[in-house]
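Colleague: I have a model open in front of me and would like to learn how to read it. Could you walk me through a few features?

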Amino acid sequence: MKFCDSRRLQARSHAIIPGGSHTYAKGDDEFPEEAPGFITRGKGCHVWDADGNEFIEYGMGLRAVTLGHAFEPVVQAAYRQMQLGTNFTRPARIEVELAEAMLQVIDGAEMVKFAKNGSDVTTAAVKLSRAYTGRELVAVCGDQPFFSTDDWFICTTEMDAGIPRAIADLTLKFAYNDLGSLRTLFDQHPGQIACLVMEAETVTLTAPGYLNQVKQLCEEQGALLVFDEMITGFRWHVGGAQKFHGVVPHLSTFGKAMGNGFAIAALAGKREIMRLGGLEHDLPRVFLLSTTHGAETHALAASLETIRIYQEQNVVEFLWSQGERLRTLINQSIVANRLEGLFELRGRPCNLVYATLDQDHNPSQAYRTLFLQEMIRRGVIAPSFVVSFSHSDAEIDRTAEAVHTALVVYRKALEDGIDKYLTGRPVKPVNREYN
């Protein structure tokens, strides 16, 4: 497998794009040196790189492309709407239609507003919470990786250069599944916390009753509960992990899969709170969300069609069943290669990720790189094992075969030393202080 054209494009991209990519998680530092650098097209769960190499892809656009690349009904819906115009001086009819459709699938939500990406709407949720409560502090779940590119959140990561200390001091952290850590924050900052921002669930499974206890504590303390459903929405359930777990937050944010890769996100919540971003009140105005391209009609059409397909074709059930099929096959290979406790699958079947550990059972970026490298050599790009509606049994079975032989190499590297098998430097985590 050759990557000559990718190498040439990489040299050009790094000269004119900071990091060589517009999304950090897609950067060269996140993949082995022997990897496709640029994708030119995709269909279903298959992609082709700049050199013409074909791969089965997992992760699917950072979990945004849940139906599949170039999924025909969604593409056609967007195309038909695009021919009518994409952006006007006044709102378009389809804005109301999608708003109604979204509120039908999100329990407890009474108003919704659209934007282009997750950071837009999570930041809007924080601003709205501060305006509603009259408080300034924000509590975020410190065990969960990402909520926004904006200062209020990025200040909590290692990549906090350029953010004033005064802003960073307004964001606090609590631990997932640990109600005591949250109680401590409220005790330390009485009457000051505007909201909690968290994913209802990620790789770590929710402890029984935990989410209900969090909501109850928020209401006792006068804070709002905000669920980030960027990943869990349209995957755990069409209505998100909140629907799956039966907990209704005060505000919630959606994005990624709601447009099958088209740029669209949503903030939804209770009318009493959301109305502060509107015209029907006599309180100070909240500049909630006002984006030139937030309601581009073709993206709204893509989202409407995506919702229709989910409801008519049981997409969520398929994601869970295919993820479970893949997990079963991979776990068999883990046992066959004597890698229990050294290579692990984690998370719900609809959102499988993996952990790579070294001989001492410590998390290892080097072994992650080796596994990525060996999967790429076998025609699979797998930064995770997050499936889509386009991952048929045939692709799942082919992936399982690739995993099995990749894990044979993984076992050999543990026994002989990784340097004998790994080409180039290890990958690095996105959030780090220095390159």
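Modeller: Happy to! Let's begin with the labels: helices and strands are DSSP runs, numbered from the N terminus. Keep in mind that this is a predicted model. With those labels, Glu 34 can be placed in the loop between helix H1 (4-16) and strand E1 (39-43).

Colleague: Is Glu 34 buried, partly exposed or exposed?

Modeller: Buried means under 20% relative accessible area and exposed means over 50%. Glu 34 has 29% relative accessibility, so it counts as partly exposed. Leaving aside neighbours within four places in sequence, Glu 34 touches Phe 3, Arg 7, Ile 376, Arg 377 and Thr 423. Its C-alpha atom is 9.4 Å from that of Glu 374, although 340 residues separate the two along the chain.

Colleague: Now the helices. How do I describe a packed pair?

Modeller: Two packed helices are described by the angle between their axes and the distance between those axes. Here, helix H4 (residues 93-105) and helix H12 (residues 297-313) pack at about 35°, with axes 10 Å apart. Their crossing is left-handed. Residues in the contact include Leu 98 and Met 102 of H4, and Leu 300 and Ile 307 of H12. By class, the contact has nine nonpolar, three polar and two charged residues.

Colleague: Which residues of helix H3 are buried?

Modeller: In H3 (residues 72-82) they are Val 74, Ala 77, Ala 78 and Gln 81. Seen down the axis, these residues fall within an arc of 95°, so they line one face of the helix. They pack against H4 and H12, the pair we just looked at.

Colleague: And how should I read strands?

Modeller: Strands of a sheet pair through backbone hydrogen bonds, either parallel or antiparallel. In this model, seven strands form an open sheet in the order E4-E10-E9-E8-E7-E5-E6, with mixed pairing. Strands E4 (111-115) and E6 (171-174) are at the edges with a single partner strand each, so one side of each has no neighbour in the sheet. Neighbouring strands are turned by 20° against each other on average, direction ignored. Within the sheet, E8 (residues 224-228) and E9 (residues 251-254) are parallel over three bridges, and Asp 228 stands opposite Thr 253 in E9.

Colleague: Where can I see an antiparallel pair?

Modeller: Look at E11 (residues 343-346) and E12, which pair that way over four bridges. They form a hairpin with six residues between them, and Gly 347 in the turn has a positive phi of about 95°. Arg 346 stands opposite Val 353 in E12.

Conventions: Residues are numbered from 1 along each chain as its sequence is written. This is a predicted model: local features need pLDDT of at least 70, side-chain atom pairs count only at pLDDT 80 or more; totals for chains, interfaces and linings use all residues. Side-chain values use heavy atoms; hydrogens and water are left out. Axes are lines fitted to C-alpha atoms, for helices over the stretch in contact, and angles run from 0 to 180 degrees between N-to-C directions. Helices (H or I, at least four residues) and strands (E, at least two) are DSSP runs, numbered from the N terminus. A crossing is left-handed if the near helix is turned anticlockwise from the far one by less than a right angle, and right-handed if clockwise. Contact means heavy atoms within 4.5 Å. Ala, Val, Leu, Ile, Met, Phe, Trp, Tyr, Cys and Pro count as nonpolar, Asp, Glu, Lys and Arg as charged, and the others, Gly among them, as polar. Two strands pair if DSSP finds at least two bridges between them. Buried means under 20% relative accessible area, exposed over 50%, partly exposed in between (1.4 Å probe, protein chains only). The arc is that of the directions from the helix axis to the C-beta atoms.
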